Amino acid sequence: MIQAETIPNIKLCDSSIDHEETKWTINNVHDPAIIKDGEWYYVFSTDAQVGGSFKGGIQIRKSKDLILWQWVGRAFSELPKPAVDWTGANGFWAPEIVKIADTYFMYYSASQFGKNQSFIGVATSKNIEGPWLDQGEVFKTKHGVDEPNAIDANITFDRDGHPWMVYGSFFGGIYLNKINPKIGKLLNYGKGKLIAKRHHNVEAAIEGPYIIYNPEFDYFYLFVSYDSLFSNYNIRVARSKTIDGPYLDFHGQEMTDTSLPPNDVGLKILGGYTFNDGEGWVAPGHNSVLKDGEDYYVVHHMRAEKNKKYSYLHIRKVVWTRAGWPLVSPERFAGEKQRIIKSEEILGEWAYLFVDKDQNEQNVARYLTIAPKGENWKRLTNEQFLLSIDDRNQWVECTIMPAWDWARKKETTVFMGMDPNGQVFIGKKAK
């Protein structure tokens with residue numbers, strides 16, 4: 001069980017910004033990339049205003065529990081000149097951090113806002129906290145000439161342990177190419193293979209790719225973010241038996257298929273929401289994924305409903321359906337461990353919502369009463385249940401687990417589920 005006294009008193013919706021000297025900070029984190037190194041977890045993130053000023057260089061934070069985060073500093077004291085000369089950028093976006101053999105590789109992106117005049121570079125270090133030595137260009141694109149956009153790099157590994165770089169944003173879509181593990185650059189320079197894109201009638205709005213391999217289900221999973229990072233950002237997922245695709249969603253639709261309505265492709269697992277006990281959250285996206293032992297976490301930024309200027313670091317537990325699809329907790333991680341759920345714990349009123357593929361601004365919770373006689377629930381395992389939700393006359397396979405209710409500041413119980421049609425539901429105990 002979660003002990004209330006172990007939960008930090010963090011003001012998540014306060015518009016004030018922590019100063020760099022503040023020891024614990026989770027606000028103004030954007031595009032977080034996570035890695036575990038020894039007993040520490042590190043997050044590298046996009047340059048954003050910290051304190052009262054803006055300074056470029058890639059932000060670094062660390063934590064021992066995924067809850068309290070300590071400011072480390074910036075990777076660069078000065079931005080590498082080739083990236084600045086190519087793009088005119090005064091800060092870097094969407095870093096990636098990976099360790100290959102005994103070397104840490106940090107990828108960074110420079111770009112012109114609204115254009116694909118962009119540059120992916122890489123720096124190396126023998127220490128996770130630096131110093132970092134810039135190794136220069138990995139790939140760059142020219143606006144008006146090239147189809148891809150050279151930003152949002154993620155390094156992933158195939159079954160043989162060979163590294164690949166997935167990257168891309170808007171414009172031409174998401175691409176994948178092999179990496180030379182000795183130098184961290186492309187094995188064969190070029191854009192690589194297209195694995196996902198969206199139609200230009202929605203501004204081709206797809207970005208922030210991240211690929212993980214789950215050996216239990218023997219699939220590679222592609223996570224991407226759709227739409228606008230300030231309002232209707234949302235996280236989608238597809239999977240493939242091979243690292244270079246094709247990546248298919250729940251309905252078997254290819255992520256490169258632009259003939260379908262643009263919201264119909266990709267399994268939506270998280271969007272904006274409110275449970276009617278606070279202002280709620282909007283625009284989750286640009287995630288990384290952490291596999292820590294047998295546990296998985298999705299690490300992303302999100303914005304408060306009333307003040308969208310600032311982004312906040314959210315870390316959520318990931319569970320997997322029996323068919324091998326990832327679902328994410330409706331509450332941020334607070335140290336909870338999965339355990340046997342007693343039948344009486346699920347009884348009562350729940351606030352829930354279905355993760356609507358077409359409503360990406362902010363979904364509002366509905367209510368469900370789980371009755372003691374079991375008319376609308378059945379147990380499958382210690383933590384998996386079937387629930388009858390939303391008068392659909394279909395059973396929804398759900399994982400139920402303990403969590404911390406950040407709005408009410410108390411222990412709660414949450415569920416994450418999917419019906420036979422691939423509709424995702426999330427909910428928490430309301431009473």
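Here are some notes to help you find your way around this structure, which is a predicted model.

1. Start with the sheet built from four strands. Its order is β5-β6-β7-β8, the sheet is open, and the pairing is antiparallel. β5 and β8 sit at the edges with a single partner strand each, so each has one side without a neighbour in the sheet. On average, neighbouring strands here are turned by 20 degrees against each other, ignoring direction.

2. Now look at β6, which covers residues 103-111. All 9 of its 9 residues are buried, so the strand is largely enclosed by the rest of the structure. Its side chains alternate: T103, F105, Y107, S109 and S111 point one way, while Y104, M106, Y108 and A110 point the other way. Both sets are buried.

3. Which strand pairs with β6 over 6 bridges? That is β5 (residues 93-100), running antiparallel to β6. If you want a landmark for this pairing, find E96, whose bridge partner in β6 is Y107. The two strands make a hairpin with 2 residues between them. In that turn, A101 has a positive phi of about 60 degrees.

4. On to the pairing of β6 with β7 (residues 118-125). These two strands are antiparallel and share 8 bridges. Here F105 is the residue to look for, as it stands opposite T124 in β7. This hairpin has 6 residues between its strands, and G114 takes a positive phi near 80 degrees.

5. The sheet is completed by β7 and β8, which run antiparallel and are joined by 7 bridges. A handy marker is A123, which has D134 as its bridge partner in β8.

6. Further along the chain there is an open sheet of 7 strands. Reading across, the order is β25-β23-β30-β29-β28-β27-β26, and the pairing is antiparallel. The edge strands are β25 (366-370) and β26 (377-379); each has a single partner strand, so one side of each lacks a neighbour in the sheet. The average turn between neighbouring strands in this sheet is 35 degrees, again with direction ignored.

7. Within that sheet, take β27 (residues 384-388) and β28 (residues 395-405) as an example. They pair in the antiparallel sense over 5 bridges. To find the match on screen, go to Q384 and look for its bridge partner T399 in β28.

8. Aromatic rings deserve a look too, with a count of 21 aromatic pairs. One of them is F44 with W132, an edge-to-face pair at 6.1 Å centre to centre, with 90 degrees between the planes. What parts of the chain does this pair link? F44 belongs to strand β2 (residues 40-45) and W132 to the loop between β7 and β8 (133-141), so to speak distant parts of the chain, 88 residues apart. Both F44 and W132 are buried.

9. There is also an aromatic cluster to pick out. It is formed by F217, Y219, Y221, Y296 and W320.

10. Finally, the largest pocket, with a volume of about 980 Å³. Which residues come closest to its centre? Out of 38 lining residues, they are H30, W93, F113, L229 and F230. The lining as a whole is a mix of 15 nonpolar, 14 polar and 9 charged residues.

Key. Residues numbered from 1 in each chain as written. Predicted model: local features only at pLDDT ≥ 70, side-chain atom pairs only at ≥ 80, totals over all residues. Heavy atoms only, no water. Pairing = 2+ DSSP bridges. Axes fitted to C-alpha atoms, helices over the stretch in contact; angles between N-to-C directions. Buried < 20%, exposed > 50% of the residue type's maximum accessible area, 1.4 Å probe, protein only. 1 Å grid on protein atoms, 1.4 Å probe; cavity = no way out; pocket = protein on both sides within 12 Å on 5 of 7 lines; lining within 4 Å. Points joined across faces, edges and corners; volume = space filled by probe spheres on them. Nonpolar A, V, L, I, M, F, W, Y, C, P; charged D, E, K, R; others polar. Phe/Tyr/Trp six-rings, centres within 6.5 Å; stacked < 30°, edge-to-face > 60°.
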